[in-house]
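Here are a few exercises to work through with the model open on your screen. Try each one yourself before reading the solution.

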Amino acid sequence: MAKPKEWAHLIKPLVVKDCPPGLYQQPRIWAEGKDWEGFNGNFSYGFFTEPCVCHPIEGAIAHPYDEVLVFASTDTSDIMNLGGEMSIELGVEREEHIFDVPTVVCIPKGLPHGQVQVRKIATKPIAHYHFGLAGEYRAEVVPEASHPRKSTGDKYSHLLKTLRTYL
């Protein structure tokens with residue numbers, strides 16, 4: 001009989017699950033620390049194939065931990081081609097940021113954010129990852145009364161990082 005591999009328990013499958021209610025419209029790969037040997041993070045991965053609203057579907061949320069949202073190309077001939085247009089609202093000011101290149105949005109703990117809107121899908125699906133720096137996904141709904149109309153300022157523009165290639 002073959003001896004079990006000592007570290008085999010650390011190899012984990014990626015599991016497609018329903019997300020917490022109100023976050024994404026479709027199931028996606030979803031994992032928290034309890035799924036990954038107590039890893040102090042939460043993670044999701046999926047694709048956008050058509051215009052939609054998510055993270056959250058309605059209103060705004062804030063997390064008690066730092067988070068990054070990654071929006072990446074699936075165009076293997078040009079990884080800098082996002083293939084669509086996205087927007088995200090940041091802060092109680094609902095500062096709207098629009099981008100059409102692969103981008104990482106860095107969200108400090110406690111910063112209200114949402115909604116993420118897929119405005120256009122021009123070519124291929126857009127890959128989307130979320131990484132939260134806590135073993136359990138948690139989000140607090142930000143009351144609508146604290147949401148003024150959308151602003152177009154740049155107070156939070158430093159939180160959006162364009163993915164770059166050096167090839």
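**Exercise 1. In which strand is the place of His130? Then work out its surroundings.**

Keep in mind that this is a predicted model.

Step 1. Start with the strand: His130 sits in S11, which covers residues 126-132.

Step 2. Check the burial. The relative accessible area of His130 is 0%, and the cut-off for buried is under 20%, so His130 counts as buried.

Step 3. Look for polar partners. The His130 side chain has a polar contact of 2.6 Å with the side chain of Asn42. A polar contact also links it to the side chain of Ser44, at 2.9 Å.

Step 4. Fill in the rest of the neighbourhood. Leaving out residues up to four places away in sequence, His130 touches several residues, including Tyr24, Trp30, Phe43, Glu67 and Tyr137.

**Exercise 2. Trace the open sheet from one edge to the other.**

Step 1. Write down the strand order. Seven strands make up the open sheet, running S1-S2-S3-S11-S6-S9-S13 with antiparallel pairing.

Step 2. Find the edges. S1 (16-17) and S13 (160-162) each have a single partner strand, so one side of each has no neighbour in the sheet.

Step 3. Walk in from S1. Two bridges connect S1 to S2 (residues 28-31), and Val16 has Ile29 in S2 as its bridge partner.

Step 4. Go one strand further. S2 and S3 (residues 42-48) are antiparallel and joined by three bridges; here Ile29 is opposite Tyr45 in S3.

Step 5. Now try the other edge. S9 (residues 103-107) and S13 run antiparallel with three bridges between them, and Val104 faces Lys161 in S13.

**Exercise 3. Why does Cys54 form no disulfide with Cys52?**

Step 1. Begin with the overall tally: there are zero disulfides. For Cys52, the nearest cysteine sulfur is that of Cys54, 5.2 Å away.

Step 2. Compare that with the cut-off, which asks for two cysteine sulfurs within 2.5 Å. At 5.2 Å from the sulfur of Cys52, the Cys54 sulfur is too far away for a bond.

Step 3. Add the burial. Cys52 has a relative accessible area of 16% and is buried; Cys54 is buried too, with 1%.

**Exercise 4. Which residues of the largest nonpolar core touch the most other members?**

Step 1. Pick them out of the 27 core residues: they are Phe48, Phe71, Met86, Ile88 and Val105.

Step 2. Ask which strands feed this core. S4 (52-54), S6 (67-72), S7, S9 and S10 (113-121) each provide at least two residues. S7 gives the largest share, with three residues.

Step 3. Zoom in on Phe71. Setting aside neighbours within four places in sequence, its contacts include Phe48, Met86 and Val105, along with Leu82, Phe99, Ile126 and Leu163.

**Exercise 5. Is Glu85 buried or exposed?**

Step 1. Locate Glu85: it belongs to S7, residues 84-90.

Step 2. Read off the accessibility. Glu85 has 19% relative accessibility, so it counts as buried; the cut-off is under 20%.

Step 3. List what Glu85 touches beyond four places in sequence: Ile98, Phe99, Asp100, Gln117, Val118, Arg119 and Lys120.

Step 4. Finish with a distance. Glu85 and Val101 are separated by 16 residues in sequence, and their C-alpha atoms are 7.8 Å apart.

Key:
Residues numbered from 1 in each chain as written. Predicted model: local features only at pLDDT ≥ 70, side-chain atom pairs only at ≥ 80, totals over all residues. Heavy atoms only, no water. Buried < 20%, exposed > 50% of the residue type's maximum accessible area, 1.4 Å probe, protein only. Pairing = 2+ DSSP bridges. Helix = DSSP H or I, 4+ residues; strand = E, 2+ residues; numbered from the N terminus. Contact = heavy atoms within 4.5 Å. Polar contact = N/O pair within 3.5 Å; in protein donor to acceptor, adjacent residues only side chain to side chain. Core = buried A, V, L, I, M, F, W, Y, C linked by side-chain atoms within 4.5 Å.
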